[in-house]
Amino acid sequence: MKSVQSHPSAALLGVANKPPLTWALPRPRRPIALNVATLLDGKGGTLRDTVVVVSGDKIERIGGPVPQGAQVYDLGGMTVAPGLIDTHVHVTYHFSHDRFIDNRLVGQDEPVPDSVLFSVENGVRILEAGFTTVQSLGPGTPWDLPLREAWARNLVPGPRLLTSLQWFRYDQPGQTVQPEAELRAMVRDLKARGADAIKIFASTSVREGSRPTLTQAQLDVICGECNSQGLRSVVHAYTSAVKMAVQAGCTAIEHGTGGMTDEALALMAAKGTFFDPTVGVVTENYVANKDKYLGVGNYTAEAFAMMEKLIANPKPPEEFIRSLKVPGLKIVYGSDATAGAHGHNAEGLLYRIKFGGQDPMRALVSATSLAAESLNLGSEIGSIAPGMTADIVAMRGDYLADATALREMAFVMKGGRVVKYQP
Ligand SMILES: [Zn+2]
């Protein structure tokens with residue numbers, strides 16, 4: 001019997017003897033042209049009345065004619081900016097049946113598929129609010145990596161996700177810190193498992209007294225190992241732990257409350273340590289959702305009394321206002337959004353501007369190019385320029401005149417794909 005001879009090139013392609021395709025292969029996407037009235041480039045620059053041309057997932061050019069056949073979006077009457085970046089969220093935290101679900105108890109309070117779908121919902125809310133990139137800083141869930149993958153592939157709408165997967169945390173009774181070799185191995189293990197950064201608790205939570213939980217030597221080991229592995233180290237630090245973390249060469253300080261002495265701030269500026277003050281969202285959100293948090297873990301009545309007192313007079317800590325005046329200090333934007341705050345990520349920017357006196361342009365830069373730099377992504381995202389990934393948003397109104405435009409996100413493009421257009 002004579003075998004059927006297939007075309008040699010077909011054999012090479014591994015499609016021998018298969019029927020030809022009867023459907024069309026995907027066509028290259030049309031270029032997209034954004035007609036822009038006001039554009040803030042994310043680095044402090046402003047452009048007026050121009051065109052942004054997007055090809056594939058990249059910004060091809062700014063200015064010049066609209067390419068033939070391009071899909072055109074009219075963004076007049078809006079402020080165009082790079083996709084916003086939130087360097088500190090807890091992307092999987094959510095409410096279920098009006099209760100806060102503690103992600104440290106995966107599968108105990110509700111079935112895992114429910115938890116996963118609530119996380120997907122958080123992603124939709126975050127992206128539609130104009131945040132195209134977020135960093136989730138633990139405690140991490142088994143679905144952090146699948147979520148990162150699903151959002152990267154645009155299987156479901158969601159932000160570009162960076163995750164710490166886990167955290168180094170020693171604030172529970174009876175916990176001991178591992179010896180040096182083990183700490184180093186833990187950092188390397190997280191890297192091997194795909195962590196984008198290492199999250200370290202150098203202090204207990206505000207609700208538990210803000211005490212240091214690691215020694216200088218232990219911080220030196222963890223952040224030192226991160227640095228030698230090319231991993232960023234992001235440290236939750238209050239009071240004396242701030243200076244310790246800066247001295248240890250850690251990448252970023254989260255919160256910083258009670259530790260931002262002039263000396264610590266100057267040291268951070270000199271060493272290029274990023275500062276994320278996380279003001280204006282997290283405590284306000286706890287109080288706004290008190291009924292859902294009260295009684296879960298350390299969300300006690302006493303803790304709420306303290307938090308309610310704290311936000312009664314909306315004003316950022318004095319040290320945040322002082323930090324704005326420190327030359328060269330890299331203040332980035334992170335909301336610390338947990339359950340209830342996803343999709344309201346920009347509220348901390350408004351708070352900084354309205355109550356902290358931060359210049360709106362600097363606030364925007366802190367949530368775009370500077371945030372991107374803090375994530376080691378400064379050459380890819382966080383600004384609008386040719387060659388950059390096309391993460392572009394537009395808010396209704398004039399942001400520089402009235403920053404509440406942040407609440408009116410009318411257009412969101414992530415990686416060259418338009419995910420929202422509500423002019
Ligand atoms: Zn946090």
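In this predicted model, the second largest pocket is lined by 22 residues. If you would like to find its middle on screen, look for G280, E347, L350, Y351 and R407, which lie nearest the centre. The volume of this pocket is about 360 Å³. Two elements, α8 and α12, each give two or more residues to the lining, and α12 gives the most, with 6 residues. Sorted by class, the lining of the second largest pocket holds 12 nonpolar, 5 polar and 5 charged residues.

Let's turn to the metal site. The zinc ion has three protein donors, listed as H88 through NE2, H90 through NE2 and D336 through OD, and they lie 2.1 Å from the ion. Along the chain, these donors follow the spacing H-x1-H-x245-D. H88 belongs to strand β5 (residues 84-89), while D336 sits in the loop between β15 (330-331) and α12 (347-356), so this pair ties together parts of the protein that are 248 residues apart in sequence. Both H88 and D336 are buried. You have already met α12 in the pocket, where α12 supplies 6 lining residues.

A good next stop is T278, which is found in the loop between β14 (274-276) and α8 (282-288). Is T278 buried or exposed? Its relative accessibility is 7%, and T278 therefore counts as buried, the cut-off being under 20%. The side chain of T278 makes a polar contact of 2.7 Å with the side chain of H255. Beyond its neighbours within four places in sequence, T278 is in contact with H88, E254, H255, G334, S335 and D336. Two of these names should be familiar, since H88 and D336 are donors of the zinc ion.

Finally, consider the enclosed spaces. Rolling a probe the size of a water molecule over the atoms shows where empty space is left. Here the count comes to 4 cavities of 30 Å³ or more. About 60 Å³ of space lies in the largest cavity. Which residues line the largest cavity? They are T87, Q135, R232, V234, T251, A252, E254, F274, V332, S374 and L375. Strands β12 (232-237) and β13 (252-255) each supply at least two residues of this lining. By class, the lining of the largest cavity has 5 nonpolar, 4 polar and 2 charged residues. One of the lining residues, E254, brings us back to T278, with which E254 is in contact.

Methods. Residues numbered from 1 in each chain as written. Predicted model: local features only at pLDDT ≥ 70, side-chain atom pairs only at ≥ 80, totals over all residues. Heavy atoms only, no water. Donors = N, O, S within 2.8 Å, 3.2 Å for Na, K, Ca; no water. Helix = DSSP H or I, 4+ residues; strand = E, 2+ residues; numbered from the N terminus. Buried < 20%, exposed > 50% of the residue type's maximum accessible area, 1.4 Å probe, protein only. Polar contact = N/O pair within 3.5 Å; in protein donor to acceptor, adjacent residues only side chain to side chain. Contact = heavy atoms within 4.5 Å. 1 Å grid on protein atoms, 1.4 Å probe; cavity = no way out; pocket = protein on both sides within 12 Å on 5 of 7 lines; lining within 4 Å. Points joined across faces, edges and corners; volume = space filled by probe spheres on them. Nonpolar A, V, L, I, M, F, W, Y, C, P; charged D, E, K, R; others polar.
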